[in-house]
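Hi,

Here is the structure I promised to pass on. Have a look when you get a moment, and my notes are just underneath.

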Amino acid sequence: MSNTRVARLGELIRTHHPCVVLTGAGISTESGIPDFRSPTGIWAQYDPMEYATISAFRRDPVKVWEFYALRFEVLTRAQPNAGHLALAELERRGLVRAVVTQNIDALHDRAGSQDVVEVHGSIRSASCLACGTRVPLEDVVAALESTPAPPCPQCGEILKPDVVMFGELLPVDAIDRASALAREAGVLLVVGSTLEVYPVAAVPEETLAAGGSLAIVNRGSTPYDRRAVICIDGSAGETLAGLAEALC
Ligand code: APR
């Protein structure tokens, strides 16, 4: 990690209010949750067409739950890391306005961030597509101990995790709020995302079109790197902890 770049990022945030943060799977790898598109990522092992589309779920929900049951095990054990904690601290100090996240792990919330926009849903609940019943995470986890796919307590259909699958629309309120925050941002700080999945991949475009600046902390490149004022190719946890310190 370059201290000079972290100091420059701190200066950018200090001078370009408000700072909005957009996070992806890369902020949670240091909590033990694999990302999607790295060589060791989830999609190297599982074909998203078979396990992560709404049509795959409708075709064979039990097969899709084989994948989610394993994910839930990892996601429910994970703890917020230095990166999540640093963002919560920066929000408390008035230096970060909100976090828009593609992650479903709820770790920003658990780290203490107050204003979190979850554009891909979360593991907090699962819902029945047949009768609309919503079931909290604890009940889903309890059901998974005795069955491969949790049934709806009302009608017996298999529940769907309240996460956005490929082929589904994003929750309208969340994506609208993400766009509004991006347009108002003095600086949009992207952390741990390849910025390849739309519509979220268009969020930085909104900041740039409105005259805001873009900064990126990510291992590896993104399609926006050339348009960012600062790119830091390094650990999200270490960089954000360094940023919080630099902004003291
Ligand atoms: N620090 C910084 N960057 C990291 C770290 C880390 N500790 N660990 C991983 N990264 C980087 C990876 O190198 C990669 O560039 O984070 C990025 C993660 O990108 P993706 O795996 O594509 O994850 P994301 O952008 O969140 O994916 C978007 O795709 O499949 C869907 O719904 C899923 O929300 C997800 C969406």
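First, a word on the domains, since the rest leans on them: their bounds come from an automatic or database domain assignment. Keep in mind too that this is a predicted model.

The assignment splits the protein into domain 1 (1–33 + 81–120 + 170–248) and domain 2 (37–77 + 123–163). Taken over C-alpha atoms, the centres of domain 1 and domain 2 are 27 Å apart. As for how they touch, 12 residues of domain 1 make contact with eight residues of domain 2.

Now the ligand. Where does the ligand lie relative to domain 1 and domain 2? Both domains give residues to the shell around the ligand, so it lies between them. The space it takes is the largest pocket.

There are 22 residues around the ligand, and those that come nearest are Glu-30, Arg-37, Ser-193, Thr-194 and Arg-219. Sorted by class, the shell holds six nonpolar, 12 polar and four charged residues.

A few polar contacts to check on your screen:

- Glu-30 puts a polar side-chain atom 2.6 Å from a nitrogen atom of the ligand.
- Phe-36 uses a backbone N or O atom, 2.8 Å from an oxygen atom of the ligand.
- Ala-236 also has a backbone N or O atom in play, 2.8 Å from a nitrogen atom of the ligand.

On its own the ligand has 740 Å² of accessible area, and the protein covers 92% of that.

Cheers

Technical notes. Residues are numbered from 1 along each chain as its sequence is written. This is a predicted model: local features need pLDDT of at least 70, side-chain atom pairs count only at pLDDT 80 or more; totals for chains, interfaces and linings use all residues. Side-chain values use heavy atoms; hydrogens and water are left out. A residue is near a molecule or strand if one of its heavy atoms lies within 4 Å of it. A polar contact is a pair of N or O atoms within 3.5 Å; within protein, one must be able to donate a hydrogen and the other to accept it, and residues adjacent in sequence count only if both atoms are side-chain atoms. Accessible areas come from the Shrake-Rupley method with a 1.4 Å probe; for residues, only the protein chains shown count as cover. On a 1 Å grid over the protein atoms alone, a cavity is a set of points where a 1.4 Å probe fits but cannot get out, and a pocket is an open set with protein on both sides within 12 Å along at least five of seven lines; lining residues have an atom within 4 Å of a point. A molecule sits in a cavity or pocket if more than half of its atoms lie within 2 Å of its grid points. Ala, Val, Leu, Ile, Met, Phe, Trp, Tyr, Cys and Pro count as nonpolar, Asp, Glu, Lys and Arg as charged, and the others, Gly among them, as polar. Contact means heavy atoms within 4.5 Å.
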